[in-house]
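This report looks at how two protein chains are arranged and how they meet two strands of DNA.

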There are 2 protein chains.
Amino acid sequence: MYTISDVAKLLGITAHTLRYYEKEGIIAPIRNANGERVYDDSNLAWLRFVMRLKQTQMPISQIREYAQLYLEGEHTAQARLNLLEDHRNSVQSQIRNLTATEKVLADKITAYKSFITKGTGIN
Amino acid sequence: MYTISDVAKLLGITAHTLRYYEKEGIIAPIRNANGERVYDDSNLAWLRFVMRLKQTQMPISQIREYAQLYLEGEHTAQARLNLLEDHRNSVQSQIRNLTATEKVLADKITAYKSFITKGTGIN
DNA sequence: ATATAGGTTAGAGTTTACTCTAAGTCAAAT
DNA sequence: ATTTGACTTAGAGTAAACTCTAACCTATAT
């Protein structure tokens with residue numbers, strides 16, 4: 001069991017952001033007798049997955065959609081699978097994009113280095 | 001020589017966005033007698049590179065910084081190289097991130113498929 | 001007893017990157 | 001001559017994702 005600031009520290013985000021995610025329907029931790037949020041390990045695992053989705057450019061609206069489908073039960077499994085497959089395609093396309101740009105950058109970096117040491121033309 | 005809407009079409013963005021990039025100090029096309037923007041091939045090549053940087057999450061502020069260094073002349077070559085190397089590192093880290101997430105998604109997708117056809121547990 | 005360190009809410013403010021509007025200019029087509 | 005289409009500017013508006021503030025509550029340490 002974790003407090004909001006425990007979770008914030010573990011995920012490297014702020015408590016403000018966690019409350020915002022809750023307001024956006026991404027997570028719903030239980031409350032203790034004092035009205036304070038209590039996160040368990042399954043909440044933490046879900047939030048870690050959310051962080052992955054965010055780092056790979058899935059918008060909050062789509063993460064919420066997935067979370068809501070999960071709450072609606074097993075009959076939404078196909079819809080969730082579709083969402084995951086769409087995102088996987090997006091991830092693969094981002095990788096292609098980044099790989100191509102990495103090559104362009106590598107070439108430019110080589111050209112700059114040779115310009116700086118030898119005075120060759122820049123592109 | 002290209003008009004603003006030629007360039008917009010070629011890059012798949014709007015003329016509004018091109019004017020915004022100009023306001024942000026990312027590009028400075030010349031004007032014709034009529035005060036209209038005229039883009040040449042070097043402008044186009046630069047904008048295509050800008051699109052790459054954007055697609056790989058470089059913020060406008062950093063793209064502007066690179067553009068301004070370029071305008072300041074050859075003595076900024078080292079500073080530009082540093083910027084490019086920093087961004088290359090960011091691109092490489094994004095690729096690692098996306099690759100790891102792709103694996104997580106692949107596993108989840110497999111689990112969902114097996115749940116949908118055979119009724120096995122979901123993660 | 002009270003100060004401190006945390007938690008709560010509703011809601012306002014900020015940043016980034018556009019996106020659009022209004023009012024106007026200008027050249028070519030009808 | 002006037003309509004049409006494409007351009008110009010300054011500046012307002014929008015969407016996403018936070019980020020912060022104010023006012024308040026509550027358990028623990030001094």
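The text below covers the relation between the chains, an annotated domain, and the surfaces near each DNA strand.

The model is predicted. Chain B superposes on chain A with an RMSD of 0.2 Å after a turn of 180 degrees and a shift of 0.0 Å along the axis. This is the relation of a two-fold axis. Within chain B, B:Ile95 has the C-alpha nearest the axis, at 2.9 Å. Both copies use the same surface, as 100% of the contact residues of chain B recur in chain A.

For chain A, an unreviewed UniProt entry carries the annotation "domain: HTH merR-type" over residues 1-69. That stretch of chain A is 61% helix and 6% strand, and its end C-alpha atoms are 25 Å apart.

DNA strand C is surrounded by 17 residues, and the closest are A:Ser5, A:Arg37, B:Tyr21, B:Asn34 and B:Lys54. Of the atoms of DNA strand C that come within 4 Å of the protein, 73% belong to sugar and phosphate. Phosphate oxygens of this strand pair with side chains that include A:Arg19, A:Arg31 and A:Arg37. Two or more residues of the surface near DNA strand C come from each of α1 (4-11) and α2 (15-23) of chain A and α2 (15-23) of chain B. The element that gives the most is α2(B), with four residues. Sorted by class, this surface has five nonpolar, six polar and six charged residues.

DNA strand D also has 17 residues around it, of which A:Tyr21, A:Lys54, B:Ser5, B:Arg31 and B:Arg37 come nearest. Here sugar and phosphate make up 74% of the strand atoms that come within 4 Å of the protein. Side chains with a polar atom by a phosphate oxygen of DNA strand D include those of B:Thr3, B:Ser5 and B:Arg31. At least two residues each are supplied to the surface near DNA strand D by α2 of chain A and by α1 (4-11) and α2 of chain B. The largest share, four residues, is that of α2(A). The classes near DNA strand D are five nonpolar, six polar and six charged residues.

The distances from side-chain N or O atoms to phosphate oxygens are listed here.

| Side chain | DNA strand | Distance to phosphate oxygen |
|---|---|---|
| A:Arg19 | DNA strand C | 3.1 Å |
| A:Arg31 | DNA strand C | 3.0 Å |
| A:Arg37 | DNA strand C | 2.7 Å |
| B:Thr3 | DNA strand D | 3.2 Å |
| B:Ser5 | DNA strand D | 2.6 Å |
| B:Arg31 | DNA strand D | 2.9 Å |

Notes: Residues are numbered from 1 along each chain as its sequence is written. Chains are lettered from A and ligands numbered from 1 in the order in which they are written. This is a predicted model: local features need pLDDT of at least 70, side-chain atom pairs count only at pLDDT 80 or more; totals for chains, interfaces and linings use all residues. Side-chain values use heavy atoms; hydrogens and water are left out. Copies are superposed by least squares on the C-alpha atoms of residues with pLDDT of at least 70 in both. Contact means heavy atoms within 4.5 Å. UniProt positions are given in the numbering used here, feature names are shortened, and annotations may be inferred rather than shown by experiment. A residue is near a molecule or strand if one of its heavy atoms lies within 4 Å of it. A polar contact is a pair of N or O atoms within 3.5 Å; within protein, one must be able to donate a hydrogen and the other to accept it, and residues adjacent in sequence count only if both atoms are side-chain atoms. Ala, Val, Leu, Ile, Met, Phe, Trp, Tyr, Cys and Pro count as nonpolar, Asp, Glu, Lys and Arg as charged, and the others, Gly among them, as polar.
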